[in-house]
Amino acid sequence: MNEPTLSVVMPNYNHARFLKSAVGEILGQSFPPYEIIIIDDGSTDDSVKVIERIARENPNANIKFLRNEQNQGVIYSANRGLKKASGQYIYFAAADDILYDDFFDMSMRLLAKYPQAGLCSSMGKSIYTDGSSVQTPLKNPSPVECYLTSRECMRSLRKYDSWMGGNSNIFRRDVVLECGGLLPELGASCDIFLGMLVALKYGVCFIPKQLVGFRLMPNSYSANFNSRTNEGLSLYSYTAKLMKTTYADLFPVDYVNSWERRMIYRDRISLVNQLYNRQISMMQDIISEKNMLDKLFFLCMKLSMHIQLMVLIFYYLLRLGPELRIVLQRGLLIKLKRLKSRFSHQN
């Protein structure tokens with residue numbers, strides 16, 4: 001029986017400083033990919049030169065280099081690579097991602113064991129600019145390597161929301177094409193939604209081991225998208241509409257309604273947290289002397305703003321009821337893990 005083949009598709013925009021390391025991690029995998037398709041999306045840095053040099057230095061790696069004449073966006077580039085790929089499975093890589101040595105091998109081995117699965121996902125690590133990190137997903141659908149049926153996936157989605165991180169997903173290429181690829185109208189959450197579709201159609205494999213890392217860059221596509229609150233709210237409404245119409249056979253109506261409420265309140269809480277952090281930063285700039293009176297005033301203001309934040313979250317709890325438990329639990333776990341990571345990093 002022939003070993004399944006894997007195509008790696010890597011869109012790139014102005015990430016010249018990460019490219020050598022990112023491609024090196026792909027080439028260093030214990031399971032070598034059949035091909036690596038790199039799409040430069042109109043970079044203005046030295047990306048093109050770096051990619052061409054990497055291709056010359058690795059003539060046996062089957063590196064295929066495509067260029068967009070102008071910047072089209074990461075989703076366009078990923079879908080272009082998808083159409084050019086020829087492997088049975090596909091991995092959408094990012095130039096600033098981190099891949100650990102056994103990622104491809106463990107994922108492809110499990111997919112070979114369960115060929116009916118539409119994808120394989122694993123644990124990862126989100127790395128913040130301050131050096132702290134959070135392991136994701138926060139809640140595991142299984143403590144051991146396994147295949148989850150579509151029915152089991154829906155049960156896990158109801159309980160945890162999506163656990164399928166975009167940079168840990170290796171998809172069956174035919175399934176992704178069947179689903180229409182990455183939907184550009186869904187913005188930064190298009191890979192999450194694709195994972196949900198595939199899971200509910202074909203089931204998924206899961207590996208409870210940290211195999212990838214994701215750098216949370218301040219100017220990244222997802223960071224910029226998450227800061228645009230009105231756009232986020234429109235996205236959730238549109239996604240819920242898709243779930244109720246085009247994909248009504250996969251998503252029960254009660255789940256869709258619950259999901260949309262959670263996403264909207266999660267977005268609002270995120271916005272309030274951003275405002276809180278911005279106000280704290282502004283107060284620190286305004287109060288420059290830092291004598292005892294200044295410190296006391298700053299402490300009182302910080303406490304006042306924190307109380308406002310807690311009152312607002314309590315209000316959301318009353319509005320959303322038990323469903324907010326998932327939202328708050330997620331936020332609390334992220335904060336606790338970041339604090340723990342930051343403390344370990346400093347020591």
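Where is the place of Asn-14? In this predicted model, Asn-14 sits in the loop that runs between β1 (6-12) and α1 (16-27). Its backbone is a bit of an oddity, with a positive phi of about 60 degrees even though Asn-14 is not a glycine. Asn-62 plays a similar trick, with a positive phi of about 55 degrees and, again, no glycine in sight at that position. Asn-62 belongs to the loop between α2 (47-57) and β3 (63-67), and with a relative accessibility of 27% it counts as partly exposed.

Next come the strands. Strand β1 is mostly covered, with seven of its seven residues buried. Leu-6, Val-8, Met-10 and Asn-12 point one way from β1, while Ser-7, Val-9 and Pro-11 point the other way, and all are buried. On the pairing side, β1 runs parallel to strand β2 (residues 35-40), to which six bridges join it; Val-8, for instance, has Ile-36 of β2 as its bridge partner. Strand β1 is also joined to strand β4 (residues 89-92), again in parallel, by four bridges, and here Ser-7 is partnered with Ile-90. Moving on from β1, five bridges join β2 to β3, and this pair is parallel as well, with Ile-38 standing opposite Phe-65 of β3. The helices come into the picture through the connections: β1, α1 and β2 make up a right-handed β-α-β unit, and β2, α2 and β3 make up a right-handed β-α-β unit too.

As for charge pairs, side chains of opposite charge can pair when their charged atoms come close. The search of the whole structure turns up six salt bridges. One of them is between Lys-64 and Glu-35, whose closest N and O atoms are 2.6 Å apart. Lys-64 lies in strand β3 and Glu-35 in strand β2, so this pair ties together parts that are 29 residues apart in sequence. The two ends sit in rather unlike surroundings: Lys-64 is partly exposed, at a relative accessible area of 31%, whereas Glu-35 is buried, at 0%.

Another salt bridge joins Arg-262 to Asp-161, with 2.4 Å between the closest N and O atoms. This pair links distant parts of the chain, 101 residues apart: Arg-262 is in helix α10 (residues 253-286) and Asp-161 is in the loop between α5 (150-160) and β9 (170-172). Arg-262 counts as buried at 2% relative accessibility, and Asp-161 counts as buried at 5%. Asp-174 and Arg-172 form a salt bridge as well, their closest N and O atoms being 3.1 Å apart. Asp-174 is partly exposed, at 43% relative accessibility, while Arg-172 is buried, with a relative accessible area of 14%.

Cysteines are a quieter story, as a search of the whole structure finds zero disulfides. Cys-120 is in no disulfide, and the nearest cysteine sulfur, which belongs to Cys-205, is 5.1 Å away. The cut-off for a disulfide is 2.5 Å between sulfur atoms, so a gap of that kind does not count. Cys-120 is buried, with a relative accessible area of 0%, and Cys-190 is buried too, at 7%.

Finally, the surface. Leu-303, Ile-307 and Val-311 make a nonpolar surface patch of about 290 Å². Leu-303 is placed in helix α11 (residues 292-320), and it is exposed, with a relative accessible area of 52%.

Technical notes:
Residues numbered from 1 in each chain as written. Predicted model: local features only at pLDDT ≥ 70, side-chain atom pairs only at ≥ 80, totals over all residues. Heavy atoms only, no water. Patch = residues over 30% accessible without salt bridge, like charges linked within 9 Å, V, L, I, M, F, W, Y side chains within 5 Å. Areas by Shrake-Rupley, 256 points an atom, 1.4 Å probe, with all protein chains shown as cover. Salt bridge = Lys/Arg side-chain N within 4 Å of Asp/Glu carboxyl O. Helix = DSSP H or I, 4+ residues; strand = E, 2+ residues; numbered from the N terminus. Buried < 20%, exposed > 50% of the residue type's maximum accessible area, 1.4 Å probe, protein only. Pairing = 2+ DSSP bridges. Right-handed = clockwise from strand over helix to strand, strands pointing away.
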